[in-house]
Amino acid sequence: MNDSGGSRLALLRFLERVQERDLARTRRWILDEERREAERRVGEARRPPVPEWLIERGLDRSNIVAVHTGECWDPGKRGKPATRAQAIEALRQQVPACTKCRPDTVLGIEV
């Protein structure tokens, strides 16, 4: 910046306008992020609870392919929620237990 009177003041006013514009943009970003965070919290609150057990059906939906725990990371695309009794009954009917989550071990059933 030069020390000449008018131009120094003009440069400082210009800097002020630039900084106000930057501050306004930053405040918009903050508001956008707060909105996204609030939407994320609402989505989590509305998410249905994870089922305790899943029964995975085959392509024709009539045969059962495997039994999983509700927290299994590999339940397949055709897993449907099941009760504990349904999971036990499926395992007793020789439906394979998932080799990743081992529902038979969790249920205390030897297959």
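**Figure 1. Surroundings of R57 in the predicted model.** Apart from its neighbours within four places in sequence, R57 is in contact with S62, N63, I64, V65 and R78. The residue belongs to strand β1. Its relative accessibility is 30%, and R57 therefore counts as partly exposed, a class that lies between buried, under 20%, and exposed, over 50%. K77 is separated from R57 by 20 residues in sequence, yet the two C-alpha atoms are 8.9 Å apart in space.

**Figure 2. The hairpin of β1 and β2.** Strands β1 and β2 run antiparallel and are joined by five bridges. Across this pairing, L54 of the hairpin faces H68, its opposite residue in β2. Six residues lie between the two strands. In the turn, R61 adopts a positive phi of about 65 degrees.

**Figure 3. Pairing of β1 with β3.** Strand β1, residues 53–57, is linked to β3 by four bridges, and the two strands run antiparallel. Within this pairing, the residue opposite I55 is K80 in β3.

**Figure 4. The open sheet and helix α2.** Three strands form an open sheet in the order β2-β1-β3, and their pairing is antiparallel. Because β2 (64–69) and β3 (79–82) each have a single partner strand, they stand at the edges, and one side of each is left without a neighbour in the sheet. On average, neighbouring strands of this sheet are turned by 30 degrees against each other, direction ignored. Helix α2, residues 84–92, packs on the sheet and touches β1, β2 and β3. The direction of α2 makes about 50 degrees with that of β1.

**Figure 5. The largest nonpolar core.** Twelve residues make up this core: W53, I55, V67, A82, A87, I88, A90, L91, V95, A97, L107 and I109. At least two of its residues come from each of β1 and α2. The greatest contribution is that of α2, which gives four residues. In soluble globular proteins, nonpolar side chains tend to be buried together.

**Figure 6. Contacts of V95, a member of the largest nonpolar core.** When residues up to four places away in sequence are not counted, V95 touches I64, V65, A66, V67 and A90. Of these partners, V67 and A90 are listed with V95 in the largest nonpolar core. I64 and V65 also appear among the contacts of R57.

How values were computed. Residues are numbered from 1 along each chain as its sequence is written. This is a predicted model: local features need pLDDT of at least 70, side-chain atom pairs count only at pLDDT 80 or more; totals for chains, interfaces and linings use all residues. Side-chain values use heavy atoms; hydrogens and water are left out. Two strands pair if DSSP finds at least two bridges between them. Axes are lines fitted to C-alpha atoms, for helices over the stretch in contact, and angles run from 0 to 180 degrees between N-to-C directions. Contact means heavy atoms within 4.5 Å. Buried means under 20% relative accessible area, exposed over 50%, partly exposed in between (1.4 Å probe, protein chains only). A nonpolar core is a set of buried Ala, Val, Leu, Ile, Met, Phe, Trp, Tyr and Cys residues joined through side-chain atoms within 4.5 Å.
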